[in-house]
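Open your viewer, load the model and keep the selection box handy. We will go from stop to stop together.

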There are 2 protein chains.
Amino acid sequence: MRYVEFRLSRSLATGVPRVGFDLFTGMRFQYKDAMHEEEFAVTFEPGGKKAYVLGGTRLVEAAAVAGLTLDSPCGGEGTCGKCRVRFRNGAPKPTNCETELFSQKQRHDGWRLACQTTVIRPVVVEIPQASLLGSHHKILAELHGVSSAPTDPNVRKEFVELNTPRRGDDVPDLIRLEKAVGPVDLDLELLRKLPQKLREQSFSGTAVMLGGELIDFEPGDTCHESLAVAVDLGTTTLAALLLDLESGNQLAVASRLNPQTGFGDDVLSRILHCRENSQGLNELHESVATAIDEMIGELAASTGANRRRIYEVVLAGNTTMQQLFCRIDPASLGEIPFVPATGHCLCVSAAKLGLHIHPRGRIQVMPVVGGFVGGDTVAGILATEMAEANGPTLLVDIGTNGEIVLSHDGRLTAASTAAGPAFEGARISQGMRAGNGAIEKVLIENSGSHARVRFNVIGNLPPVGLCGSALIDLAAELLRHGILLPQGRLCMPHELPAELSDDLRARVVVDGKHPAFLLASSAESGLDRPIVVTQADFRELQLASGAIRAGTELLLRREGLSPGDLDRVLIAGGFGNFIRRSNAQRIGLLPPETPHSRIRFQGNTALAGARLAAISVRARQESQQLARQAEHVDLSCDPEFQNAFADAMLFPSE
Amino acid sequence: MRYVEFRLSRSLATGVPRVGFDLFTGMRFQYKDAMHEEEFAVTFEPGGKKAYVLGGTRLVEAAAVAGLTLDSPCGGEGTCGKCRVRFRNGAPKPTNCETELFSQKQRHDGWRLACQTTVIRPVVVEIPQASLLGSHHKILAELHGVSSAPTDPNVRKEFVELNTPRRGDDVPDLIRLEKAVGPVDLDLELLRKLPQKLREQSFSGTAVMLGGELIDFEPGDTCHESLAVAVDLGTTTLAALLLDLESGNQLAVASRLNPQTGFGDDVLSRILHCRENSQGLNELHESVATAIDEMIGELAASTGANRRRIYEVVLAGNTTMQQLFCRIDPASLGEIPFVPATGHCLCVSAAKLGLHIHPRGRIQVMPVVGGFVGGDTVAGILATEMAEANGPTLLVDIGTNGEIVLSHDGRLTAASTAAGPAFEGARISQGMRAGNGAIEKVLIENSGSHARVRFNVIGNLPPVGLCGSALIDLAAELLRHGILLPQGRLCMPHELPAELSDDLRARVVVDGKHPAFLLASSAESGLDRPIVVTQADFRELQLASGAIRAGTELLLRREGLSPGDLDRVLIAGGFGNFIRRSNAQRIGLLPPETPHSRIRFQGNTALAGARLAAISVRARQESQQLARQAEHVDLSCDPEFQNAFADAMLFPSE
């Protein structure tokens, strides 16, 4: 489940479009201003990416929301001066650190530190290349329009003009070609065509090699037409990039709902569909393959590219999604101990799986670690370069299955937790996906007797429910104000802290025998009913958050680490980019001990990893190593898991 | 065109069958005693191979006819004692050499030297392993039933019993298997089946690997069932061996006429058929593929083997035959400069080319040197190990295209000569293939006034024509008696040497204005016409023999060698085994300077090489190297060729 899909459906449903970038897919999309008056647009240049953040958000966080990770080795203390940016308008008053660091002219020109600055109005901010975190240059830089990674793609093209055979020069056709391009393999079909092709083209043309295999001898010089597609094969959302393999640049983006959702929202229901219907596997395979093929068509059409010049498609998805795409029966992924068919990268004929690219083009499916730690996670490990991190680094992909990876001392351990769908609004009484009308952010403004609830609704509409990020916000705020207790129990009205403001006090209501929190009254919602968050809703959140936290704890414990030892906490997936770190930490979803500056939003790492594998053979090989290097930890086998889970269910006491 | 086919058709047409071995294919076949009273059967033990030779033939030659090459480093001088054999009956009187070499008891037991002994009656002779030429042990030994070559086949089978996945042991299926058998590739189809196969077989079974690829996981332990087929893809005859890859033994043989002969006798007419018919290529491909598939069926049926246990088929044929089998348009093989599509070994799915072996089994097609030096020649180079020979070594495959290979100082040069079909009886006025009624051997018995013509007819029938070997015999004998002159001219009756016998003199007749030789009168032939060899027939022979001789000369000259420098002359192909060395030398087809002991009959080296490549990966790799190492000499480009050809057209003066 990727948040981006919500944003996209939102943009489809609302009025006058604006163009922006969704940074979790890197996709350009159109949407209507969805902000309340309290939110401000921050535009980052070069690249024009926008983030919409509540007033008071630190600029470094706003950049993270936009998918731009700034370098801040000092942890946001304002001392290292690495996260320097330039405000084109509305630069705030410099802090002491900034006065020390910048000359008067620089300050006048708008230079500030992103870690020291908060957003209090709409601004346009320039981020110099040097301020972006080194390791992410190559992933995010050209999303940002700045530069490109050097590429070492699997596709090699070489234009050659061969001598025409004549008496005394009668070497076999293929060997003649090999003398120019080096040794190659080729399939019988192409070998059958080669003699005629060579003669029709007067022994001149472009040899196209995929790895060591010759896949075509194209007329003329087509060296500059070399394309690939990277696909994030999400359970809910499909996202794809068209890539120029010469430069590594992305040329176009496309996304759509995964049509398999029609067969079930989660992987288990799709596995069940396969088990119960003889044609189930074919249906699931064909629906997603057709969708991806159509997306490839869109990508080509939007750039005027020839589909035959797309030679590879790299796919990253969870293990079940990948097997369904490849039409490999996922039966053993549906029962203990959830065994995948293979862990390796799969290299398959694109034509055989229904994708219309070059007829001898290939699909590369990312390697997987285990049944619930799939190619999307491996892509994430690859894209974040966490395996090469110096200090202990945690990667958390927050979703229905929260995948967690820990890198420490050259070891990688990975686990998945059945977090459940609470973060996606499911099983929450008035929960909803983050579509139009969803409350997506909640803030308790002011303190003491002035404290009052503010919220932000997607689409700038009256609220009709709340989505996962709002639930996290609300729980965190209520914990801070003593309305929600660490055990997860809401106070009954008579138990509320004495100093509580009237606004908050009035919102604690009794629903039958249980307390509940009135997030929006009927008047506020404009519905015939208020929006209420129940005790049971908070229990669901406890379960979801506790599962991820317990998983994190156990992975850390196996390495003899505690959360405070973590050097980096990387948040992957679209959803993660919309949560607020402090609130996620307050409820224990993210380690409370970790300084904010160590928590990084990485965007759609599955897509970023697939892209890397598409443009770089080295990255592809690395992903294979990473998948095998990572130790798959089955948390349910760990005797400590139940205890850890019970502990993690408790919200941290502050 | 392989002689074996004639022998087989002969056996089909005649009466009471006897079982023998055809040594050019290694095939067991039945035939009726085809010998005149002058021929004697020599049976070689162990193995029971038979050769039928004219009285007076040296035993070492008889063994060569039977495909058994004896070691004789002394060149047949009787001094080295390497070619010792034991007569089970009818041992001739010992020569001086033999008396020196063997004890009285040994001589009494029948020990003799094959180079010193002539055949004067039907005998049974034992050949000890040690007397066989070292380098050929592995090729011919088990044809001989003695021993087998150590094999390193491309097929690897391993029986494994894997742990069943359980909590805490959830590694992906393929990786679980790889932990037992090492890393493998596999195709998507098999990967799709693997999870179910593993579970149905309780994670136990036999992994079948072809090279690095897993092609099956068979129930139970099938390690001892590992088969391959080697095929000689002859223009006229197809021959196939079923091989046990564990021992390297051949289990069965099959052969039949190449049904492509229905589309034309030679390669050029088949190339023309492809050019002129849109379905021509498909027809030619399907006819030969169907025939080979049927032969595989025969091989399996005759041994009770399961076709699914045949994992590879190795094919050796000339370049055109190989391309037709693979359905690669041979158009550019039909025009100057006769360019093959590829020179490499081809590895192709057997199912895709219509062969029903294991569904993921493969066909390996031998690499080729050039348009007219094909996989059969490469197989011959491989089987004879001529590339590793110490002294200059020549391989001659006598047929419509005479392929010639010279090995010298680590270099291999190869050429083909358009010898034409004279050796196969075509373009000879009363020529025929070596079938029933063909005169196959001619001898002028006695000398001086007692000299008279003797001949041998296949099938022990009245003669109806003569085949190539008889034409060579006749030309040689007539040269010896001055009836045929070195320029190739037959004497007119008045020009005949004075001392000629009456029998010979009477046979020189005048046919119109030209002289001719009466080989068999109407009375002898039992036909209403005599069998006459015309002046034009000898001209055809001159052309055929001259082409091969000129090719030999030029290859030698390029290396600065003369025929006398040759350490070995290896004769390949079924036809070669039926000619008599002295006669072939007399007409110049083989270098007259070469001592007999240096001329070796190698039998069907195409099949022997294919068999080696089937049982040995090392041999397969070697064949690839040999094909590339060999320099293809286009004789028609050599400015000296026309001169050399004109010279070679002259029969040597004695």
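Leaving aside its neighbours within four places in sequence, which residues is A:Val368 in contact with? Before you click, a word on what you are viewing: this is a predicted model, where local features need pLDDT of at least 70, side-chain atom pairs count only at pLDDT 80 or more, and totals for chains, interfaces and linings use all residues. Residues are numbered from 1 along each chain as its sequence is written, chains are lettered from A and ligands numbered from 1 in the order in which they are written, and side-chain values use heavy atoms, with hydrogens and water left out.

**Stop 1: A:Val368**

Select A:Val368, in the loop between S16 and H11 of chain A. Helices (H or I, at least four residues) and strands (E, at least two) are DSSP runs, numbered from the N terminus. Contact means heavy atoms within 4.5 Å, and the partners of A:Val368 outside those neighbours are A:Thr319, A:Gln322, A:Pro340, A:Thr342, A:Gly343, A:Val373, A:Gly374, A:Gly375, A:Val378, A:Ala627 and A:Arg628. A:Val368 is buried, at 3% relative accessible area; buried means under 20%, exposed over 50% and partly exposed in between, using a 1.4 Å probe and protein chains only. Now add A:Ala341: from A:Val368 the C-alpha to C-alpha distance is 10.0 Å, with their positions 27 residues apart in sequence.

**Stop 2: aromatic pairs**

Show the rings of A:Phe338 and A:Phe372. Rings of Phe, Tyr and Trp (its six-membered ring) pair if their centres lie within 6.5 Å; planes under 30 degrees apart count as stacked, over 60 as edge-to-face and the rest as tilted. Over all chains the count is 4 aromatic pairs. In this one, the centres of A:Phe338 and A:Phe372 are 5.3 Å apart and the planes stand at 75°, so the pair is edge-to-face. A:Phe338 sits in the loop between helix H10 (319–325) and strand S15 (346–349) of chain A, and A:Phe372 in the loop between strand S16 (362–365) and helix H11 (375–384) of chain A, 34 residues apart. A:Phe338 is partly exposed at 22% relative accessibility, whereas A:Phe372 is buried at 18%.

Jump to chain B: the rings of B:Phe338 and B:Phe372 also have centres 5.3 Å apart and planes at 75°, so this pair is edge-to-face. B:Phe338 is partly exposed at 21%, and B:Phe372 is buried at 17%.

**Stop 3: two helices in chain A**

Select helix H12 (residues 468–480) and helix H15 (residues 535–558) of chain A, whose axes come within 11 Å and cross at roughly 100°. Axes are lines fitted to C-alpha atoms, for helices over the stretch in contact, and angles run from 0 to 180 degrees between N-to-C directions. H12(A) and H15(A) are therefore roughly perpendicular (65 to 115 degrees; under 35 is roughly parallel, over 145 roughly antiparallel and the rest oblique). Residues making the contact include A:Leu471 and A:Leu478 of H12(A) and A:Phe538 of H15(A).

**Stop 4: the two copies**

Zoom out to both chains. A rotation of 180° with 0.0 Å of shift along its axis superposes chain B on chain A, with an RMSD of 0.1 Å; the fit is by least squares on the C-alpha atoms of residues with pLDDT of at least 70 in both. The copies are thus related as by a two-fold rotation axis. To find that axis from chain B, select B:Asp187: its C-alpha is the nearest in chain B, 7.2 Å away.
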